[in-house]
Amino acid sequence: MLQPLVIGRLSMANRFVMAPLTRCRADDNHVPTAAMVKHYADRASMGLIITEATQIQEGYSTFVHEGGIYGKEQVDGWKRVTDAVHDKGGLIFCQIHNGGRATVASNVAEGMRIVAPSAVAITGHECAAAFARDGKKQPYPVPHAMTAEEIAHYVKLYATAARNAMAAGFDGVEVHGANGYLIDEFLKSGSNHRTDEYGGSVENRCRFLFQVMDAVIEAIGRERVGLRISPLNSFNNQSDENPEALTRYICSQLNSRRIAFLDVMRGNFYSSVRGADKWAREEYEGVLFTGMGFEVDEAVKTVESGAADAVVFGTKAIANPDLVARSIASAELNKPDPATFYTTGEAGYNTYPFMDPTHLAILRVRAGSHPHSSTPARLARPSPRLARAIMSSRESRPVYTHLFRPCRVGQPTMKNRMVMSPLTRCRADDNHVPTAIMAEYYGSRASMGMLITESIMVQRDYSGFAYEPGLYSSEQVEAWRIITEAVHARGGLIAAQIYHPGRATTPANLTSAGLVPIGPSAVGIPPKAEHCISQWSRDGKAQTYPQRIHAMTAAEIGAVVELFTCAAVNAMAAGFDAVEIHAGGGYLLDSFLRDAANQRTDAYGGSVENRCRFLLQVVDAVAAAIQPDRVGVRLSPLDTFNGQKDSQPEALTTYVCKELDARRIAFVDVVRGDPKTGMPGNAEVWVRRSFGGAVLASQGYSSLGMAEQAIADGIVDAVLFGMQAISNPDLVWRVLTGAPLNRADASTFFTRGSKGYIDYPICEPHSFSGAHIAAGIRALSAANHSRRSSRQRASSLSMPAKERPYFCVSQPLLVGATTMKNRLVMGPIPRQRCDAQQCPTDAMVAYYARRASYGLIISEPCEVQPGYSTYVRGAAISTKAQVQAWSKITDAVHREGGLIYCQLHHGGRATLPCNIASEKDKRVFGPTTEGIPAEYRCPAAFAADGREQPYPAKVVELSVERLKWLVELYAKSAKNAMLAGFDGVEIDAGGGYLIDQFLRKCSNARADDYGGSPEGRCRLLDEIVDAVSAVVGRRRVGVRISPTDLSKGMKDTDQEAVAATVAAHMTERKIAYITVASGSDGYYHAPVPTSILETIGRCFEGIVMCDDNVGMAEAEKRVMADAVQGVCITLGAIANPDIMNRAIHGVAAAEPDVNTLFTHGSDGYDSYPTYAEMRKGAWAQQARKSARNSADYAPEMLDCGTPHVTNNITALNSPVVHASCHTAKSASRGTRSTLTTHDTGSRRASIAARASSAESNQSSQVVIRRDSRASRRESVTLR
């Protein structure tokens, strides 16, 4: 319940949702009051607030004193509410509503009719006196049956209300389709008796709802829209002949609309019937809320199980403004007073007490136990993310939303996507029976989504590691049962990895007479490839593996199939949740798969199909014995450990995975590259293309951000952690809270005692992994946060950046209302590829979509004044055609999981008369009559007549009236940007363009309110930001400045004063970010001076970013030092659609072709390859080689992960980095661990759907729909 949750483009701090609760505290004109401001602000610690039902139509009230959202007065009133909630770090949606037949005549304006789908009145109860303007209890009247024209009118009213909600600063809207009000009246057969296209069938009865939804989505964007339904609620005399069918149909139709969330009331006010949420969970692929009568304990279980993604609280939120904090502290809850629910005073509204200060003190210093556990809490590092939500602090930490979502892996459901790799530790006894310390070892790691055990022997007396455990005797089964019970007691899942070492053994490990090393062929492991270290042989000697082994007969192969089957059955008897068949690491099954070890010429050798035969026979037998949905397979197609190699690894992997997919097994666990050599790979992509089940991956994830992104992109569903899990039993807690990681002691990896096994320090509360507790329940603490703490400084990131290349810039970043997946921003540059009407073209759609891997895209400059162009074929966002063209781009970017802001621009005096479309008025405007000095010339590329020439020496001074008009243009353009689907807007106040001309003393000699002092020169920017914020919300606004830019006649005068003034004024306005640039249009003068960044950092409380053409190495350095929180890569983004991916893989950044920057054709526009495309090209190796000499972009990959063994010497690579390079036979040797791991998410949604429009954020489903497997395979793309 305390985990973050992404809804649309927003990130909830926790899973507590405040229900929409009518309280009747607005004034007579339905304007929110001061009491309402306090009421909602007091509850800002909830993950999301949904307002009371808010009327969309003037003169049509349901509750007399509910708030309205239909006029300026109401919008302004709600703006005070949203500002107060946002100031405390909260999120708030407006529930837009019409009561339909659930009102009385005194509540509607004279001449208005009470409307409904049919002329059927509410019976069974009357309108309460508190809900009637005349103060009388009375029956509801027979309503007027709406005409088609009236229905269309109401659809428009909902869309208008949604736009007004955005203007009021809401983060989104919830369409009220529940509880017997207008939309619900259309949905239910009991109230809808129509015989036209709006009645009769389920499809017809839902038509009005989806017309409303589509209109609202078009008005404000799907990511800002939620829906509430109540299929089983009989309130207001509602009933339906088949509520389950109705629910399932609504959900199926919502899936393609990809809205922010669906809020399902699970039952009926008047009975104990429940179940609507279960129907929704089975059908709906997005974020699901549920509510109605939940206690906190039940809510925890609901979210933990994946039955819902968040829980909605009603009366508990009424009586407990600090409900989240009370739940964590186990404080007693206030009881609500129903007598005051619908009165109009403060009593029972803002008079409920907050928690006792002694509880708050505990929260500030401790991370406590779960409120409903009696186990004492251990001291632990607090969670700043949660502290911000509860204590109204301004801190915001990286949010790994996808990493901590539930994930279905066949039969079991993991509570998070962090999986413990199979790690051989050699702690069994001489008879391969698990020991007592193994129970403690595995039990202490139960907070991970799933544990995969070390390699477990399937054949008696045939060992690969001397003291690994077995699963072939009753004694072993009983010992394993103690372990599985310990894991289950703490809420964990555990899978048994069953294996046969094959040729990877020594004679000393074969402890029965007559046993010899076996394999597909008589070829042992080459001495140059691998040695057996002393700890892995019972004679205690380091040695080469046998060079001649026994080639198995067909009968022996059949016998081993039976051994695997018996081990799997024993695993179920021992209480394991699943079985993983080890077909990697160079062990028996892997040696059959790969042609370097398999030289057979019979049915088990030669072709790919033949070499896979043995593995598939094992899978078939095991699946038949224990069910396919409890079976996983581990593959390592690129791993060269134990002398393995294959001539066609991709073809082999593709075939195996297609066969496994046909068998419907639960998961494939794949090692992505070659841990031994440290070479990264993309084997997980081969798996995903061919396999529709869960994909678990390890090796090569260099940061938590990479793991998060891999899951968000749908490439993998979970990530495995190896060495980090060895040394950090509480790894999940440490990642959640930012606590430092323990370092592993390599000398104890394969020893037999408790040292280095169960003695690593633990800081998580004991109750954290309780079986009844959702993964991620964390206690709070408050810290003294500086006012800049909202920037998520690199210095507080949970993993040491020095250990991994580009760790800091790869971290997520909360910017205003959106969460960037990394700290790299594609900067704005005018590429001039629009058409003659300044509409974006299809080429631009592909161009922007391919760069969606950047944390944020800033569009090229969009002109706010129609016909007044700075560039030739530059962009604009003034007309309907332009808005529609931009919407194609934003949709494409969102489908790829990206964020995009629209840059609003006016050139001012930096344009030419030939660029102005008007034939009558070619005047150029500026702050004064002084134009740009003649020595600063306009490039030919930016001139409509194609000639290089000076800018006008004299221009027209903008009057105050004209400035007001310009401010309105910015506001209109911002509104259009929202309609086009942008996530926010950036105001261009740099580059020597209009706003910059006002800011700088050298270009602004005005003597009125818009000139003189720095404050006066900042006035135009202030007014524009205020106007734009009123339209889109201040948390969706950024500003770009360039106080040191010397282009277009700008001079080095009072740059420090400009920077300080802008920063201070923008802090007052609480905008999302400021970007500081040293140039524009691809021309940079020098790095932004440190003093300027320090000045802005000191004066501005939001996110600070820079744009001065730095490389990746410098970007990492600045973010690590907290000089900035994000870095624009402007020129680099042109030639490097996926610069982060290139850098991670050690590929040098490409240089853009400067000759094609501002041309109008396709050459040099979107022809630059991604890293994935480079891998397919003949020049990939050459590019990688050149990277070694490129300090800016190409770091060497660091060793990390599992133990590295060379000639008996075990060396430890950093435990806090990526997957191991020369990993040893650690943990079933399939354990090449990675530091950061991700998994994809919901089984029910296709990868394409999850990657689109914030869907990754939204689709956290846990129910596998088997028909989605094919879509998962077909839709995957390598980003």
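In this predicted model, C914 counts as partly exposed, with a relative accessibility of 27%. The cysteine sulfur closest to that of C914 belongs to C938, at 7.3 Å, which is too far for a bond. Because a disulfide requires two cysteine sulfur atoms within 2.5 Å, the C914–C938 pair at 7.3 Å does not qualify. The count of disulfides comes to zero. C566 is likewise partly exposed, at 47% relative accessibility.

The protein chain contains 40 helices and 46 strands. Of its 1279 residues, 68% are buried. When contacts between residues at least 6 apart in sequence are considered, 76% of them join residues at least 24 apart. Individual pairs illustrate separation along the chain. The C-alpha atoms of M1 and T302 are 9.1 Å apart, with their positions 301 residues apart along the chain. M1 belongs to the segment before strand 1 (5–7), and its relative accessibility of 1% places M1 among the buried residues.

A second such pair involves M1140, a residue of helix 35 (residues 1139–1144). The C-alpha atoms of M1140 and Y806 are separated by 8.4 Å, although the two residues are 334 residues apart along the chain. Y806 is also one of the contacts of M1140; beyond neighbours within four places in sequence, the others are V809, S810, N822, L824 and M1112. M1140 has a relative accessible area of 11% and is therefore buried.

Near the start of the sequence, helix 1 (residues 34–42) is mostly covered, with seven of its nine residues buried. These buried residues are A35, M36, V37, H39, Y40, A41 and D42. Their cover includes two strands that flank the helix in sequence, strand 3 (16–18) and strand 4 (48–55), together with helix 2 and strand 5 (92–97).

Helix 2 (residues 72–87) carries H86, which is buried at 12% relative accessibility. The side chain of H86 forms a polar contact of 2.8 Å with the side chain of D171. With neighbours within four places in sequence set aside, H86 is in contact with D171 and also with I92, G169, R1034 and R1035.

In helix 25 (residues 842–849), the buried residues are M844, V845, Y847, Y848 and A849. Both helices and strands contribute to the cover of these residues. The strands include strand 29 (824–826), strand 30 (856–858) and strand 33 (900–905), while the helices include helix 26 (880–895) and helix 34 (1131–1135).

The packing of helices was examined for one pair. Two packed helices are described by the angle between their axes and the distance between the axes. The axes of helix 16 (residues 554–573) and helix 19 (residues 613–626) come within 9 Å and cross at roughly 35 degrees. This crossing is right-handed. On the side of helix 16, the contact is made by I557, V560, V561, F564, T565, A568, V569 and M572. The partners in helix 19 are F614, Q617, V618, A621, V622, A625 and I626. By class, the residues of this contact comprise 13 nonpolar and two polar, with no charged residue.

Positive phi values occur in two loop residues that are not glycine. A466 has a phi near 75 degrees and lies in the loop between strand 16 (450–457) and helix 15 (474–489). N1109 has a phi of about 65 degrees and lies in the loop between strand 43 (1103–1107) and helix 33 (1112–1120). The surroundings of the two residues were compared by accessibility. A466 is buried, at 0% relative accessibility, whereas N1109 is partly exposed, with a relative accessible area of 42%.

Note on methods
Residues are numbered from 1 along each chain as its sequence is written. This is a predicted model: local features need pLDDT of at least 70, side-chain atom pairs count only at pLDDT 80 or more; totals for chains, interfaces and linings use all residues. Side-chain values use heavy atoms; hydrogens and water are left out. Axes are lines fitted to C-alpha atoms, for helices over the stretch in contact, and angles run from 0 to 180 degrees between N-to-C directions. Helices (H or I, at least four residues) and strands (E, at least two) are DSSP runs, numbered from the N terminus. A crossing is left-handed if the near helix is turned anticlockwise from the far one by less than a right angle, and right-handed if clockwise. Contact means heavy atoms within 4.5 Å. Ala, Val, Leu, Ile, Met, Phe, Trp, Tyr, Cys and Pro count as nonpolar, Asp, Glu, Lys and Arg as charged, and the others, Gly among them, as polar. Buried means under 20% relative accessible area, exposed over 50%, partly exposed in between (1.4 Å probe, protein chains only). A polar contact is a pair of N or O atoms within 3.5 Å; within protein, one must be able to donate a hydrogen and the other to accept it, and residues adjacent in sequence count only if both atoms are side-chain atoms.
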